[in-house]
Amino acid sequence: MVLEDLHKESVQLAQTEKVRAAQAILKAEIVKIRSGDDWQRYLAFAAELHSYTPNNAQLIIAQHAMAYQQGRVPDPNPGFVAGFHTWKALGRQVERGQKGYAILAPIRYSRRVASSPDGQVRVLRHDELPGPSEHETMAMTLGGFKIEHVFSQFQTSGDPLPEVASPKLLNGMAPVGLGEAIMHLAIERGYAVETVGSAVELGGANGMTDVTAHTIRIRDDMDDAAMVKTMIHEVAHVLLHTEGLGAALERSRQEVEAESTAFIVAAAHGMASDDYSFPCIAAWAGADPVKAIAQTQARVSSAARLILEASPAPKTPGGRVPGVEEAIERKSNERAVGAPQNERFVASYGVDREYLANS
């Protein structure tokens, strides 16, 4: 029993050190972001890996860049990314000598909680029962992080990768359905969308959100693509800056968050990005730029993902291999019929199910 406890403690310590190492990589990457161009390069990678959380996208970017510099991969872009067993399910093998990219995987566990009619929630002890007016439920709780590993398509070989058609757009046109989806998000949140004849009516701006009047106004003398990009920017304000922490942010940071959200959504839909520009970090990140950048990455990712999920228009797969869900389901069913599932096997599929699709 003592040896077993020592082994568990050793494993936990090793995992803790791996998490710290990953967090050190993240901090080092954030410190490198200084100029507006640095931020825009980060956003371009984030758009290509939009199925991942900001932290995991940045970890993949950093580790793939190192692999490219060392000559272990032939392309500076990681392309599709998946866990070891998922690549195997897709008919591809990780090549000998390739190292997986560490990502942060949440450790979640369920807890018994009691909810009262007035909305109060409390955790129940092991032997405790809910009160007469309380309702018992199970709630998932984040218990920390562990390290899992994923691999770029350029670290694998085997069956051909699926063909993915890049979104094709005519000059000046937005993807069909994107504008309507964004407008619906605004209306769902109680905002009316109006158009005006020119920027003169908006004080020189392309769009304007009035939180008090619950209106979004867009100039209609722009081409379709410019109008939709402006609409994404204004809806990002609605999603991020109408209440709570977001409403209290300085205007400069609010503008960076809204424009960053628009950049990711536009890039993921194949829209041109040469009309975007961002101020240097010092202009909006304040006295603690590492903290501000990390918070902004998370907030921008959340808003962009919400819009991307609402859009019916063709978009980039965000790092996820097309057909991955079907492959995972097929292999999981095969394992269920055969031998008991190996814990490592399950964990590897969990990377793709949770950290690509839902993280």
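Reader: How many bridges hold strand S8 and strand S9 in their pairing, and in which sense do they pair?
Author: Keep in mind that this is a predicted model. Strand S8 covers residues 207–210 and strand S9 covers residues 215–219. They pair in the antiparallel sense, and the number of bridges is four.

Reader: Which residue in S9 does Gly207 stand opposite?
Author: Gly207 belongs to S8, the strand of residues 207–210. Across from Gly207, in S9, you'll find Ile218.

Reader: Which residue in the hairpin of S8 and S9 takes a positive phi?
Author: Four residues sit between the two strands of this hairpin. Phi is positive there, near 55°, at His214.

Reader: On to another histidine. Is His269 buried or exposed?
Author: Its place is in a loop, the one between helix H8 (251–268) and helix H9 (289–310). Buried means under 20% relative accessible area. His269 has 0% relative accessibility, so the word for it is buried.

Reader: What does the side chain of His269 reach, and with which side chain does it make a polar contact?
Author: The side chain of His269 reaches the backbone oxygen of Val265 at 2.8 Å. It also makes a polar contact, again at 2.8 Å, with the side chain of Ser311.

Reader: How far is the C-alpha atom of His269 from that of Pro314?
Author: Along the chain, these two are 45 residues apart. In space, the separation of their C-alpha atoms is 6.5 Å.

Reader: Now for the largest pocket. What is its volume, and how many residues line it?
Author: The volume comes to about 600 Å³. As for the lining, the count is 25 residues.

Reader: Which element gives the largest share of the lining of the largest pocket?
Author: Three elements give two or more residues to this lining: helix H1 (2–32), helix H2 (36–48) and helix H3 (54–69). The largest share is nine residues, and it comes from H3.

Reader: By class, how many residues in the lining of the largest pocket are nonpolar?
Author: Six of the lining residues are polar and six are charged. The nonpolar ones number 13.

Reader: Is Glu29 buried or exposed?
Author: Glu29 is in helix H1 and is among the residues that lie nearest the centre of the largest pocket, along with Lys32, Ile61, Ala62 and Ala65. The cut-off for buried is under 20% relative accessible area. Glu29 has 17%, so it counts as buried.

Reader: Which residues does Glu29 touch, not counting those up to four places away in sequence?
Author: One of them, Ala62, also lies among the residues nearest the pocket centre. The full answer is Gln58 and Ala62.

Terms used:
Residues are numbered from 1 along each chain as its sequence is written. This is a predicted model: local features need pLDDT of at least 70, side-chain atom pairs count only at pLDDT 80 or more; totals for chains, interfaces and linings use all residues. Side-chain values use heavy atoms; hydrogens and water are left out. On a 1 Å grid over the protein atoms alone, a cavity is a set of points where a 1.4 Å probe fits but cannot get out, and a pocket is an open set with protein on both sides within 12 Å along at least five of seven lines; lining residues have an atom within 4 Å of a point. Grid points are joined across faces, edges and corners, and a volume is the space filled by probe spheres set on the points. Ala, Val, Leu, Ile, Met, Phe, Trp, Tyr, Cys and Pro count as nonpolar, Asp, Glu, Lys and Arg as charged, and the others, Gly among them, as polar. Two strands pair if DSSP finds at least two bridges between them. Buried means under 20% relative accessible area, exposed over 50%, partly exposed in between (1.4 Å probe, protein chains only). A polar contact is a pair of N or O atoms within 3.5 Å; within protein, one must be able to donate a hydrogen and the other to accept it, and residues adjacent in sequence count only if both atoms are side-chain atoms. Contact means heavy atoms within 4.5 Å.
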